Amino acid sequence: MAARSSAPEKSPGFFSQIRTLYTFTQKEFRWLPYVLGGILLLGAGIGVGIGFLLPPVAVWSIILWGITGLMLGILASMMTMTRLSTQAMYKKIDGMPGATGHVLSTSLGRAWQASEMPVGINPKTQEAVYRAVGKGGVVIVGEGARGRLTRLVNDERSKVQRVAAGVPVTVLYVGHGEGDVPIAKLAPTIKALPKKIDRTTQAAVIKRIDSVSQSLTSLPIPKGIDPTRARAPRPR
């Protein structure tokens, strides 16, 4: 029997990650190559134009400015592709069960604590409730039809208010109806909440809530989000 290799698996290289990012984004935005090509040409053109305008006008000066403009064009195209890849990711997961947990656990940053797992779920309809705790207090996010989420949201809000009296509780619903928050705007909406508690209070609130939270390990958690496929790959 052949010995099993103990060598660690190599992570994708920089150019491999760029290619994956481009392929992922281009599937959603077919016009991506034209935009990126236009940015590169624009950057190089601006650089060449500066070379002609700034004395002394010489071939070497024009070439250097052209290269500088091209490099800036590459940087701008990378930033554009990264932004578009994020939009593509949101389009891909919009409406999928578990999308809210994916966004909360990956897009809020260190100022907020949230889990990809819901804190409440309707096993029959797969409507789910998620929770995030941060500088803006406690945010309860409902994923699914509002009518069927009422009991789950109210139960979670009552639990939070019982163990963390005085801490503001904000309720959001993910969707496209009136008063709903689109999945693409969920993280920015939460981050925009005014600061209400400090880090010490936040840690205490998290500890109190966790102490009364019911384990959901035995409940059917919504499937459908594969983070390795839904999340837009980012170059290192």
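How many salt bridges does a search of the whole structure find? Six. We'll come back to those, but let me first show you around. Please keep in mind that this is a predicted model.

Let's start with the whole chain. The protein chain has eight helices and five strands. Reading from the N terminus, the order of elements is α-α-α-α-β-β-β-β-α-β-α-α-α. Of its 236 residues, 37% count as buried. The chain exposes about 14,400 Å², and carbon and sulfur atoms supply 60% of that area. Now look at contacts between residues at least 6 apart in sequence: 66% of them join residues at least 24 apart.

Here is one pair to find on your screen. Leu-36 sits in helix H2. In sequence Leu-36 and Met-78 are 42 residues apart, yet their C-alpha atoms are 8.3 Å apart in space. Leaving aside residues up to four places away in sequence, Leu-36 touches Tyr-22, Ser-77 and Met-81. Is Leu-36 buried or exposed? Its relative accessibility is 11%, so Leu-36 counts as buried.

Next, helix H3, which covers residues 59–93. Its 35 residues reach 51 Å from the first C-alpha to the last, close to the 51 Å expected at 1.5 Å a residue.

There are some backbone details around here too. As background, most residues other than glycine have a negative phi, and most peptide bonds are trans. With that in mind, look at the loop between helix H2 (32–53) and H3, where Pro-56 is placed. Pro-55 and Pro-56 are joined by a cis peptide bond, with omega at about -5°. Just after H3, Gly-95 takes a positive phi of about 90°. Gln-126 has a positive phi as well, about 65°, although Gln-126 is not a glycine. You'll find Gln-126 in the loop between strand S2 (120–121) and S3. With 27% relative accessibility, Gln-126 counts as partly exposed.

Now for helix H7, residues 199–212. At 1.5 Å a residue, its 14 residues should span 20 Å, and the end C-alpha atoms are indeed 20 Å apart, so the two agree. Which residues of H7 are buried? They are Gln-202, Val-205, Ile-206 and Ile-209. Seen down the axis of H7, these buried residues fall within an arc of 100°, so they line one face of the helix. Here's a handy rule: an α-helix has 3.6 residues a turn, so residues three or four places apart point the same way. Turned away from the buried side of H7 is a face carrying the exposed residues Thr-200, Lys-207 and Ser-211.

What covers the buried residues of H7? The cover includes strands S1 (112–114), S3 (128–134) and S4 (137–143), together with helix H5 (146–163). At the N-terminal end of H7, Asp-198 acts as a cap: one of its side-chain oxygens lies 3.3 Å from the backbone nitrogen of Thr-200.

Back to the salt bridges, as promised. Side chains of opposite charge can pair when their charged atoms come close. Let's visit some of them, each with an arginine from helix H5 or a partner there.

One salt bridge joins the side chains of Arg-148 and Glu-127, at 2.8 Å from N to O. This pair links distant parts of the chain, 21 residues apart: Arg-148 is in helix H5 and Glu-127 is in the loop between S2 and S3. How do the partners compare in burial? Arg-148 is partly exposed, with a relative accessible area of 47%, whereas Glu-127 counts as buried at 5% relative accessibility.

Another salt bridge brings together Arg-131 and Glu-156, at 2.6 Å from N to O. Arg-131 lies in strand S3 and Glu-156 in helix H5, so the pair ties together parts that are 25 residues apart in sequence. Arg-131 counts as buried at 11% relative accessibility, and Glu-156 is buried with a relative accessible area of 4%. Both residues also belong to a network of salt bridges that links Arg-131, Glu-156, Lys-159 and Asp-210.

Then there is the salt bridge between Arg-146 and Asp-180, at 3.1 Å from N to O. Arg-146 is in helix H5, and Asp-180, 34 residues apart from it, is in the loop between strand S5 (169–174) and helix H6 (183–191). Arg-146 is partly exposed, at 38%, and Asp-180 counts as partly exposed at 22%.

That's my tour. Thanks for listening!

Key:
Residues numbered from 1 in each chain as written. Predicted model: local features only at pLDDT ≥ 70, side-chain atom pairs only at ≥ 80, totals over all residues. Heavy atoms only, no water. Helix = DSSP H or I, 4+ residues; strand = E, 2+ residues; numbered from the N terminus. Expected span 1.5 Å × (residues − 1). Buried < 20%, exposed > 50% of the residue type's maximum accessible area, 1.4 Å probe, protein only. Arc of directions from axis to C-beta. Contact = heavy atoms within 4.5 Å. Polar contact = N/O pair within 3.5 Å; in protein donor to acceptor, adjacent residues only side chain to side chain. Areas by Shrake-Rupley, 256 points an atom, 1.4 Å probe, with all protein chains shown as cover. Salt bridge = Lys/Arg side-chain N within 4 Å of Asp/Glu carboxyl O.
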